[in-house]
Amino acid sequence: MSKEIIIVEEKYVDKKQRIAREILEALPDWFGIPEAREQYIKESANQSFFAAYDSNKPIGFLCLKETGKETVELSVMGVLKDYHRKGVGRMLFKKAKESALQSGYSFIQVKTVQMGRYEDYDATNHFYLSLGFKEFEDLITLADAVHVI
């Protein structure tokens with residue numbers, strides 16, 4: 001890992017989808033369902049897209065999608081495994097949050113599974129809590145659990 005990781009807001013559809021595919025396919029433990037992965041890649045084209053680079057190599061990304069007049073959702077985020085626990089996800093979120101606030105949004109939400117339901121998701125939930133997300137609503141399925149900052 002180089003000392004100079006940069007975060008860039010990407011605008012070009014082809015580049016967004018190429019980066020999303022590269023990162024998500026490298027993370028089968030989290031994005032192993034092909035249909036779901038393809039949906040994330042497809043939807044990334046029309047969302048605010050932030051990419052993390054080490055030198056010129058994409059190492060992670062985060063997408064925000066508008067869900068209401070004042071709300072965006074962190075719809076998908078992926079960081080290559082070699083870069084986990086090195087601050088890359090936090091850097092991506094900081095840049096995305098700054099952009100959302102500058103664009104006039106008041107809230108950022110992320111949907112995840114309720115803490116304690118699946119061990120694999122607990123580390124992800126701890127990460128979101130460390131970013132300042134609060135539990136907003138607990139529902140049973142992945143698509144229903146919502147945390148809002």
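In this predicted model, Gln 47 has a relative accessibility of just 8%, so it counts as buried, the cut-off being under 20%. The residue sits in the loop that links α3 (34-44) to β2 (48-54). Its side chain is not left without a polar partner: a contact of 2.6 Å ties it to the side chain of Ser 75. Leaving aside residues up to four places away in sequence, Gln 47 touches Lys 16, Cys 63, Leu 64, Lys 65 and, once again, Ser 75.

Right after this loop comes β2 (48-54). Six of the seven residues of β2 are buried, so the strand is largely enclosed by the rest of the structure. β2 pairs with two strands, β1 and β3. With β1 (residues 5-10), the pairing is antiparallel and made up of six bridges; here Val 8 has Ala 51 of β2 as its bridge partner. With β3 (residues 57-68), the pairing is also antiparallel, this time through seven bridges. Ser 48 faces Leu 64 of β3 across this pairing, and Leu 64 also turns up among the contacts of Gln 47. β2 and β3 make a hairpin with two residues between them, and Ser 55 in the turn takes a positive phi of about 60 degrees.

As for confidence, the protein chain averages a pLDDT of 88, and 89% of the residues score at least 70. Residues 145-149 are another matter: pLDDT stays under 50 there, although the model gives this stretch 35 contacts beyond four places in sequence. Where pLDDT is low, predicted coordinates should not be read in detail.

Methods. Residues are numbered from 1 along each chain as its sequence is written. This is a predicted model: local features need pLDDT of at least 70, side-chain atom pairs count only at pLDDT 80 or more; totals for chains, interfaces and linings use all residues. Side-chain values use heavy atoms; hydrogens and water are left out. Helices (H or I, at least four residues) and strands (E, at least two) are DSSP runs, numbered from the N terminus. Buried means under 20% relative accessible area, exposed over 50%, partly exposed in between (1.4 Å probe, protein chains only). A polar contact is a pair of N or O atoms within 3.5 Å; within protein, one must be able to donate a hydrogen and the other to accept it, and residues adjacent in sequence count only if both atoms are side-chain atoms. Contact means heavy atoms within 4.5 Å. pLDDT is the predictor's confidence in each residue, from 0 to 100. Two strands pair if DSSP finds at least two bridges between them.
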